[in-house]
Amino acid sequence: MDGTDEGIDVTETGPEEGRPVLLLHPWWGVTPAVLEWAGALAAAGRRVVVPDLYGGRVVDTVGEAEALAGGLDHAAVLGRLGAVADGLAARGRPWAAVGFSLGAFFAARLAGRGAAGPDDLVLFYGGWSPGGEVERTGRVELHLVPDDPYFTGEEVAETVGGFRRAGVEPRRHVYGGAGHWFAERGSPGFDEEAHALARSRVVGHLGG
């Protein structure tokens, strides 16, 4: 099902009765890699909800991606994603948020929405302190790489510390030898081995 929610194009895939997963794209847009992840989660029985923050635009250079991401109004995006999250919470089933890089930053902030936050949160090489009341989110996973220039040690510490202060201890998976974007096929940092391991972990936890 395709639709528009408060100015954001939203696509859904997977069984309608499946527990929802909100899948938030990286700064490239809704790439084939994002759709591959959506397909894997849908095949595992989840109802996958993919908002498009760029209105259909997809880019493949760092400069273009920086320009698109830099043009986003974070407060407006969080408000619109919050409306999507409210809709998922209203379905009455546990739901998860999965974000990649830029998408991980927004996914982490959704956890601070109290009872309207996700039950599970999966953050790939990105995130931030939830910045609000964490009531519903009971599990947080961080998928990280060493010495990441796009998600620095200070940013990791801010993310981990924010959730710890909220009473949630994030679980960290570190992929030695891999780089930023390792989980996105076709990206500059794609790593087949690390991607396969991350996919088995995420789908294994969220599937069903």
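Good morning. I begin with Asp 147, which is exposed, with a relative accessible area of 77%. Asp 147 sits in the loop that connects strand 7, residues 139-144, to helix 5. Although Asp 147 is not a glycine, its phi is positive, at about 50°.

I should say at once that the model under discussion is predicted. Its pLDDT averages 94 over the chain, and 96% of the residues score at least 70. The exception I wish to mention is residues 1-6, where the pLDDT is below 50. This stretch nevertheless has 16 contacts in the model beyond near neighbours in sequence. Where pLDDT is low, predicted coordinates should not be read in detail.

A second residue with a positive phi is Trp 181, at about 75°, and Trp 181 is not a glycine either. Trp 181 belongs to the loop between strand 8, residues 171-174, and helix 6, residues 192-206. Is Trp 181 buried or exposed? Trp 181 is buried, with a relative accessible area of 6%, whereas Asp 147, as I said, is exposed.

Trp 181 leads us to Ser 101, since the two are in contact. Ser 101 lies in the loop between strand 5 and helix 4. Its relative accessible area is 13%; the limit for a buried residue is under 20%, so Ser 101 counts as buried. Setting aside residues up to four places away in sequence, Ser 101 touches Pro 26, Phe 124, Tyr 125, Gly 126, His 180 and Trp 181. Ser 101 and Ala 116 are 15 residues apart along the chain, and their C-alpha atoms are separated by 22 Å.

Ser 101 also brings us to the largest pocket, whose volume is about 290 Å³. Which residues come closest to the centre of this pocket? Of the 13 that line it, they are Ser 101, Leu 102, Phe 105, Tyr 150 and Glu 155. By character, the lining divides into eight nonpolar residues, four polar and one charged.

Leu 102 and Phe 105, just named at the pocket, are also among the buried residues of helix 4. Helix 4 spans residues 102-110, and eight of its nine residues are buried, so the helix is largely enclosed by the rest of the structure. The buried residues are Leu 102, Gly 103, Ala 104, Phe 105, Phe 106, Ala 107, Ala 108 and Leu 110. What, then, covers the buried residues of helix 4? The covering elements include three strands, namely strand 3 (20-24), strand 5 (96-100) and strand 6 (120-124). They also include helix 2 (62-70), helix 3 (74-90) and helix 5 (153-165).

One of these covering elements, helix 2, contains Ala 69. Ala 69 is buried, at 13% relative accessibility. Apart from its neighbours within four places in sequence, Ala 69 is in contact with Trp 27, Tyr 54 and Leu 102. Ala 69 and Gly 29 are separated by 40 residues in sequence, and their C-alpha atoms by 9.2 Å in space.

I turn next to the largest nonpolar core. Among its 69 residues, those that touch the most other members are Leu 22, Leu 23, Phe 106, Phe 124 and Phe 182. Helix 4 gives the most to this core, with seven residues. For Leu 23, the contacts are Val 34, Trp 37, Ala 38, Val 48, Val 49, Val 50, Pro 51, Val 98 and Phe 100, again not counting residues up to four places away in sequence.

Phe 124 recurs among the contacts of His 143, a residue of strand 7. At 0% relative accessibility, His 143 counts as buried. With the same exclusion of residues up to four places away, His 143 touches Val 122, Leu 123, Phe 124, Tyr 125, His 173, Tyr 175, Ala 198, Arg 201 and Val 202. From His 143 to Val 58 the C-alpha distance is 24 Å, with their positions 85 residues apart in sequence.

Finally, Gly 45 is placed in the loop between helix 1 (32-43) and strand 4 (47-52). Gly 45 counts as partly exposed, at 22% relative accessibility. Gly 45 and Phe 163 are 118 residues apart in sequence, and 28 Å apart from C-alpha to C-alpha.

To close, I return to helix 4: it is largely enclosed, and it gives seven residues to the largest nonpolar core. Thank you.

Terms used. Residues numbered from 1 in each chain as written. Predicted model: local features only at pLDDT ≥ 70, side-chain atom pairs only at ≥ 80, totals over all residues. Heavy atoms only, no water. 1 Å grid on protein atoms, 1.4 Å probe; cavity = no way out; pocket = protein on both sides within 12 Å on 5 of 7 lines; lining within 4 Å. Points joined across faces, edges and corners; volume = space filled by probe spheres on them. Nonpolar A, V, L, I, M, F, W, Y, C, P; charged D, E, K, R; others polar. Buried < 20%, exposed > 50% of the residue type's maximum accessible area, 1.4 Å probe, protein only. Helix = DSSP H or I, 4+ residues; strand = E, 2+ residues; numbered from the N terminus. Contact = heavy atoms within 4.5 Å. Core = buried A, V, L, I, M, F, W, Y, C linked by side-chain atoms within 4.5 Å. pLDDT = per-residue confidence, 0-100.
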